[in-house]
Amino acid sequence: MSRARADEEEYWHSSKFRAFTFDDEDDELSQLKESKRAVNSLRDIVDDDDDDLERVSWSGEPVGSISWSIRETASSSSSSLEGQDSSQQKGSSSYAAFPKQASSYSLSSLFKGEVSPMQYGLPQESLSDIGVKNYAPELRRPKAEYKDYSSDWSPKDTVIRMQRGKVCSLERFRSLQDKLVLLDEAVARHDGNVITAVLIFLKRTLKREILFRELEVRQVALCHLIYFLKETGEQKLLLDLLRTDCASFPFLQLSQYREHLNIQDVEKRREFLKGCIGLPFSAEDSSHIQDHYTLLERQIIIEANDRHLETAGQSEIFRKYPRKASILNMPLVTTLFYSCFYHYTEAEGMFSSPTNLKKTFKIPDKQYVLTALAARAKLRAWEDVDALFTTKNWLGYTKKKAPIGFHRVVEILQRNNAPVQVLQEYVRLVEDVETRLNLATKYKCHDVVIETYRDLKDRIQLTAYKCKVDRGSAEEEKINSILNNMVRKH
Amino acid sequence: MAAHLSSGRVNLTALREAGRRELREFLDKCAGSKAIVWDEYLTGPFGLIAQYSLLKEHEVEKMFTLKPGRLPQADVKNIIFFVRPKLELMDIITDNVLREDRGRSPQRDFHILFVPRRSLLCEQWLKEQGVLGSFIHREQYSLDLIPFDGDLLSMESESAFKECYLESDQTTLYHAAKGLMTLQALYGTIPQIFGKGECARHVANMMIRMKREFPGSQNSIFPVFDTLLLLDRNVDLLTPLATQLTYEGLIDEIYGIQNTYVKLPPEKFAPKKQGEGGKDLPTEPKKLQLNSAEELYAEIRDKNFNAVGSVLSKKAKIISAAFEERHHAKTVGEIKQFVSQLPHMQAARSSLANHTSIAELIKDITTSEDFFDNLTVEQEFMSGIDTDKVNNYIEDCIAQKHPLIKILRLVCLQSVCNSGLKQKVLDYYKREILQTYGYEHILTLNNLEKAGLLKPQTSGRNNYPTIRKTLRLWMDDVNEQNPNDISYVYSGYAPLSVRLAQLLARPGWRSIEEVLKMLPGPHFEERQQLPTGLQKKRQHGENRVTLVFFLGGVTYAEIAALRFLSQMEDGGTEYVIATTKLINGTSWIKSLMEKLEPAPF
């Protein structure tokens with residue numbers, strides 16, 4: 001499915017697909033330039049500061065906006081505060097700095113609040129005139145609201161009252177039956193805050209086993225309880241819940257697994273992950289989690305070993321390239337890179353050897369070659385790079401093969417500042433002629449360009465290429481000799 | 001300050017006015033001088049309702065951002081916390097209150113304003129910390145639907161989609177229904193409700209129930225909206241994943257628009273005066289407000305980016321010509337007239353300068369090779385090419401460790417365009433992602449799977465081609481300069497959600513019953529009775545007004561497509577758009593990702 005570059009070009013030109021380019025590149029650019037020029041020239045005419053006109057501060061905040069004023073009032077009062085000022089300024093000037101919270105109000109919030117004028121209690125007289133006065137006439141206080149406090153609201157009425165922010169005693173719902181009706185009524189209204197309020201009541205008044213049993217058939221309520229427990233940090237109850245049958249929902253297993261992220265200590269994290277392996281995940285998740293555990297286990301061993309090596313100062317590689325960070329908790333591919341960098345030649349029996357990692361985690365060839373190449377190229381170990389692509393057949397002949405395609409090899413080498421001699425060796429191996437020429441020209445692998453044109457018997461291009469090489473250089477000579485020897489086409 | 005809100009067919013100033021009134025009433029409850037301590041997330045949305053001047057009129061003398069530690073020494077009678085009901089914020093407030101110097105005189109009074117709702121849980125939390133009694137007023141401010149522009153309302157509820165589809169928490173839908181009740185109270189009962197999707201059904205049910213539970217309430221306002229269309233985001237998971245190609249859409253994709261503001265790299269906006277340059281290059285991002293109050297922006301925001309350059313250059317010529325006029329002004333009268341126009345011309349010039357700079361910034365990106373490659377793959381998927389095998393470009397991007405969100409957007413797009421991926425392909429992508437970016441992302445992959453964005457093809461059948469053909473989602477002959485179809489907003493792909501709205505208006509959904517059944521969730525129609533006196537007698541040629549409510553988020557490109565339909569000469573329908581949140585593919589996927597602890601180094 002990999003289309004060669006040339007095919008792609010053709011495909012684009014011939015197919016109906018529209019790529020996002022400007023129809024007329026130059027024209028478009030010049031248009032933008034033109035308007036830029038016009039704008040610039042106008043600056044000489046109008047020299048007034050238009051900021052005054054628009055009344056915006058430099059950061060674009062209109063003067064008088066809320067965030068602008070927070071800054072203003074904060075800084076004006078800052079003289080009396082020590083050290084507060086700078087952080088305030090910083091805080092109010094950048095939203096990005098404000099941490100976005102994972103949870104939102106609707107999960108963590110339970111409404112009991114008062115009725116706001118926006119919702120109810122507006123005088124009826126104002127209905128006729130349109131405007132702000134008759135705000136929310138439809139949500140006018142119903143007659144029932146005027147009734148005295150009554151103790152025998154039905155579950156439905158109770159939920160409605162709670163939704164409107166009235167204080168309601170739930171204690172009268174004594175039987176399990178009543179409590180469940182109340183819960184179902186709350187769930188039917190989708191107001192998470194009422195649902196959670198009812199759940200808190202049930203959690204307080206029901207035996208755990210009964211509560212869990214009933215929630216098993218009430219998924220929505222179950223979700224709300226889980227988020228409530230998470231939010232309030234009741235880990236114990238949460239774990240109890242996860243051990244019940246409710247836990248047959250796969251997402252609950254994962255929320256257990258998620259906990260490992262909160263464990264900072266690697267040993268404890270490893271132990272925790274080990275405990276997760278037994279949980280009934282889907283087959284596929286379970287193999288990933290097993291891998292996660294194995295990887296961390298390896299990393300702990302490698303880390304201990306390497307830290308020792310590094311501090312001992314005996315190993316040349318660690319002296320020459322001190323580690324920038326610990327390998328703990330890094331992704332697998334990063335670990336592989338690390339191992340290709342520091343432990344490339346180790347025997348397969350070693351936990352830190354690349355081949356061992358490749359085998360244990362069934363890393364695909366492509367992935368492995370890419371990573372090893374990047375690591376060895378970074379060390380400028382060109383022989384290793386060479387070995388990576390050399391295969392021997394049974395007759396002992398060697399052959400160059402790259403599962404990722406040699407154009408990718410060239411790109412990676414180039415990114416690692418490989419010398420032209422090394423680079424051109426691989427450019428030469430790029431099969432597609434067009435791509436090879438492009439790469440060779442781009443990276444100034446003159447020999448490859450020249451040879452390719454020679455093979456193509458392209459005199460014109462070859463002649464043209466003469467101006468790209470240094471005068472009097474070996475390349476120029478080479479071109480001349482080829483041109484002289486080339487049999488002229490008739 | 002809010003002229004842009006009254007520019008549309010429906011005057012949304014009334015909604016803003018109502019919000020302001022409620023705010024004033026609360027402030028007046030706390031008599032005397034005040035300081036407001038802000039949950040910073042709220043300043044953006046509040047800024048769309050009120051400016052500092054309003055607060056000042058009601059004796060707000062100082063404003064601070066909420067953070068732990070001792071509150072600043074402001075000499076005010078009241079300290080009011082404006083916060084979302086979140087436990088972590090309650091902890092900060094507790095800290096503030098506990099550190100307050102009890103010996104100071106006069107004592108300061110504390111109040112809390114919860115936005116959008118008071119919360120029992122939070123109050124209990126405060127009670128457990130022993131500070132609940134310190135608060136005199138504990139109230140709520142229901143900021144449900146915030147007017148963003150003359151035709152745009154948003155609840156700015158960041159996690160609405162995640163809560164509804166992942167966590168089975170439909171509280172946002174309850175808020176949406178409440179917001180719609182408020183809207184009906186101001187603009188009349190909406191006689192017709194259409195909907196598609198589970199959430200849409202819930203919201204319609206809640207609206208009908210809320211109406212029923214207030215018997216005897218009769219709305220005597222002449223209805224402004226003819227139709228309400230409720231759409232679940234999961235009916236159209238495809239659209240937000242594609243890269244938006246309108247001007248506003250690209251600004252959002254690249255820089256992110258927050259509460260109508262965008263922050264841009266300052267280099268292109270360097271001070272223009274000579275002599276100033278060089279020494280004082282600004283390092284702070286340039287912040288601009290983007291809405292229809294700016295004439296030029298209103299004109300170009302919804303255009304395909306390829307059509308923006310020519311408009312900018314035309315404008316430049318007009319403005320240059322206008323400034324040239326000064327040479328022809330001979331008489332005092334003529335000069336006077338020229339001078340009187342100067343402020344307007346200066347504003348136009350500065351607007352043009354800004355947008356030229358922004359267009360240059362965007363162009364740097366849209367002309368990059370990677371943008372092109374990415375778009376190529378997107379367009380292949382959307383037109384149904386090679387969606388059933390592992391894609392080379394995606395593979396390469398993973399190998400080069402491109403940002404994970406980019407990978408997820410593409411893989412999800414492929415999955416959606418193939419009605420789910422073949423198990424082998426899905427497993428391959430998953431493995432590559434987990435091995436390269438870390439196993440903990442299994443949580444994110446699971447979330448995406450649960451939301452239906454990334455899934456195995458279960459039925460063994462790919463419905464997407466049928467949907468694409470019937471709804472004409474892919475248009476070959478797209479005209480970016482002078483569009484004749486909504487597909488111009490994605491340079492070929494017509495957003496499914498907007499197509500549904502378009503087909504509802506004409507010829508009606510009955511014509512696409514089959515396809516509607518392939519999309520998730522029920523589709524339905526409800527009618528709300530109007531008293532006889534309020535029934536509309538349509539004038540000939542008068543357009544209908546439809547409110548389209550996107551439950552789970554809407555992109556700027558979809559908004560542009562709806563505006564395009566509003567402006568069509570023979571369209572017959574004008575659209576107002578409401579949503580739980582303005583999103584793009586990146587912010588959307590981000591909201592579905594598990595928040596992972598940052599690496600310790």
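The legends below go with a set of close-up views of a predicted model.

**View 1. Chain B as a whole.** Start with the full chain B, which carries 22 helices and 15 strands. Lined up on its principal axes, the box filled by the C-alpha atoms of chain B is roughly 75 × 75 × 70 Å. The radius of gyration of chain B is 26 Å, and a compact globule of 601 residues would come out near 25 Å, so the two agree. Buried residues make up 64% of the 601 in chain B. If you count contacts in chain B with a separation of 6 or more, 79% of them link residues 24 or more positions apart. As for the outside, chain B has about 21,600 Å² of accessible surface, and carbon and sulfur atoms own 51% of that.

**View 2. Two cis peptide bonds in chain B.** Most peptide bonds are trans, so a cis one is worth a look. One such bond joins B:Val115 to B:Pro116, with omega at about 0°. B:Pro116 sits in the loop that runs between strand S4 (109-114) and helix H5 (120-128) of chain B. Another cis bond links B:Arg506 and B:Pro507, and here omega is about 5°. Where does B:Pro507 lie? Look in the loop between helix H19 (496-505) and helix H20 (513-518) of chain B.

**View 3. A positive phi at A:His190.** Outside glycine, most residues have a negative phi. A:His190 goes the other way, with phi near 60°. You'll find A:His190 in the loop between helix H8 (176-188) and helix H9 (192-205) of chain A. Is A:His190 buried or exposed? Its relative accessibility is 10%, and the buried class covers anything under 20%, so A:His190 counts as buried.

**View 4. A:Thr196 and its backbone partner.** This view moves into helix H9 of chain A, where A:Thr196 is placed. With a relative accessible area of 2%, A:Thr196 is buried. What does the side chain of A:Thr196 reach? It gets to the backbone oxygen of A:Gly192, at 2.6 Å.

**View 5. A positive phi at A:Asn329.** A:Asn329 is a non-glycine residue with a positive phi, near 65°. The loop holding A:Asn329 runs between helix H16 (316-320) and helix H17 (332-342) of chain A. A:Asn329 has a relative accessible area of 28%, and partly exposed spans the range from 20% to 50%, so that is the class A:Asn329 falls into.

**View 6. The surroundings of A:Thr355.** A:Thr355 belongs to helix H18 (residues 354-360) of chain A. At 34% relative accessibility, A:Thr355 is partly exposed. Which residues does A:Thr355 touch, leaving aside those up to four places away in sequence? They are A:Glu346, A:Glu348 and A:Tyr368. For a sense of scale, A:Asn305 is 50 residues from A:Thr355 in sequence, and their C-alpha atoms are 18 Å apart in space.

**View 7. Domains of chain A.** Zooming back out, the domain assignment splits off domain 1 (151-248), domain 2 (379-444) and domain 3 (446-489) in chain A. How far apart are the centres of domain 1 and domain 3 of chain A? Taken over C-alpha atoms, they are separated by 83 Å.

Key
Residues are numbered from 1 along each chain as its sequence is written. Chains are lettered from A and ligands numbered from 1 in the order in which they are written. This is a predicted model: local features need pLDDT of at least 70, side-chain atom pairs count only at pLDDT 80 or more; totals for chains, interfaces and linings use all residues. Side-chain values use heavy atoms; hydrogens and water are left out. Domain bounds come from an automatic or database domain assignment. Helices (H or I, at least four residues) and strands (E, at least two) are DSSP runs, numbered from the N terminus. Buried means under 20% relative accessible area, exposed over 50%, partly exposed in between (1.4 Å probe, protein chains only). A polar contact is a pair of N or O atoms within 3.5 Å; within protein, one must be able to donate a hydrogen and the other to accept it, and residues adjacent in sequence count only if both atoms are side-chain atoms. The radius of gyration is taken over C-alpha atoms; the globule rule is 2.2 Å times the number of residues to the power 0.38. Contact means heavy atoms within 4.5 Å. Accessible areas come from the Shrake-Rupley method with a 1.4 Å probe; for residues, only the protein chains shown count as cover.
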